[in-house]
There are 2 protein chains.
Amino acid sequence: MARYFDEFAVGDAFESAAYELTLDESLAFATAYDPQPFHLDARAAAGSVFRELVASGWHTAAITMRLIVESAVLKQTGVVGTGIDELRWLAPVKPGDTLRVRGEIVEKMPWPGSKSRGKLRVRVVTLNAAGVEVMTQIANLIVPIRPA
Amino acid sequence: MARYFDEFAVGDAFESAAYELTLDESLAFATAYDPQPFHLDARAAAGSVFRELVASGWHTAAITMRLIVESAVLKQTGVVGTGIDELRWLAPVKPGDTLRVRGEIVEKMPWPGSKSRGKLRVRVVTLNAAGVEVMTQIANLIVPIRPA
């Protein structure tokens, strides 16, 4: 069932399911969207700043979106983002890593100019299986207000 | 040929090639990474805030990365990002749209703790064929300093 703006509160938190980023998927994403040697070729990666093959940071971001969309708290609401602040890639993601996401609403405010929608700022942390934070961001989401 | 940190200056600008975001690719990306009705189903999209089928904002971001990686100015240097600031989705991207990217170096600074790399902040604008800015961001990139 859809949740409306009024039903969200600062401090509300959620945790997603897990997602395994396979080597095949990593290579396919990087080939399409981030075709750099350290994402595509193990030998080239060994000589790079990463020292080994790593996934594209934008792939981590895309998987994070998938995990947010599927998380129960937002599933039926529709995750319409206006933007992202302070996105940071903190640690490399390696093919074979399993990712999950934690989110927490950190701000709730009107959406200027709209009476039908409000804005939530959600701090989103993407973690690997060892619990290391690999990516963090603040997502700005627009959420419908319950019709009067 | 690789460009080193010293060869980049504030004000340097580049423009990418163009990229057509087809309906098939839009549906495939959204199915994998942003499976929401307004990205996947024309009828559902008609009743959404977007009023028509739109591409995932993360798909626009991924295509933008591809266009940056392939742009001559950064091609051989390696685009290693530490993070993104102020990413904004300003206008919907529709399947069939053709995107291109403009970038401009807006800051150049040391990378704390490193003598072998420096940091560039690049303002990146993604435009559709009509010249409308659909996405903007500030990318933080780490670039090698020429070996002494």
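Tutor: Two residues are in contact if their C-beta atoms, placed from the backbone, lie within 7 Å. Keep that in mind as we read this predicted model.

Student: Happy to! Which strands does helix 4 of chain A lie across?

Tutor: In chain A, helix 4 lies across strand 1, strand 2 (80-89), strand 3 (98-110), strand 4 (117-127) and strand 5 (133-144), and strand 2 (80-89) of chain B is also covered. The helix runs at about 125° to strand 1 of chain A. Helix 4 of chain B lies across strands 1 to 5 of chain B together with strand 2 of chain A, at about 125° to strand 1 of chain B.

Student: How should I read the sheet itself?

Tutor: Strands of a sheet pair through backbone hydrogen bonds, either parallel or antiparallel. Here ten strands make an open sheet with antiparallel pairing, in the order 1(A)-3(A)-4(A)-5(A)-2(A)-2(B)-5(B)-4(B)-3(B)-1(B). At the edges are strand 1 (13-20) of chain A and strand 1 (13-20) of chain B, each paired on one side only. From one strand to the next, the twist averages 20°.

Student: And helix 1 of chain A: which of its residues are buried?

Tutor: An α-helix has 3.6 residues a turn, so residues three or four places apart point the same way. In helix 1 (residues 23-33) of chain A, the buried ones are A:S26, A:F29, A:A30 and A:Y33. They lie on the same side of the helix because they cover an arc of only 95° around its axis. Their packing partners are helix 2 (37-40) and helix 4 (57-70) of chain A, together with helix 4 (57-70) of chain B.

Student: What does B:A62 touch?

Tutor: Leaving out residues up to four places away in sequence, B:A62 touches A:Y33, A:W58 and A:A62.

Terms used:
Residues numbered from 1 in each chain as written. Chains lettered and ligands numbered in written order. Predicted model: local features only at pLDDT ≥ 70, side-chain atom pairs only at ≥ 80, totals over all residues. Buried ≥ 20, exposed ≤ 12 C-beta atoms within 10 Å, placed from the backbone. Helix = DSSP H or I, 4+ residues; strand = E, 2+ residues; numbered from the N terminus. Arc of directions from axis to C-beta. Pairing = 2+ DSSP bridges. Axes fitted to C-alpha atoms, helices over the stretch in contact; angles between N-to-C directions.
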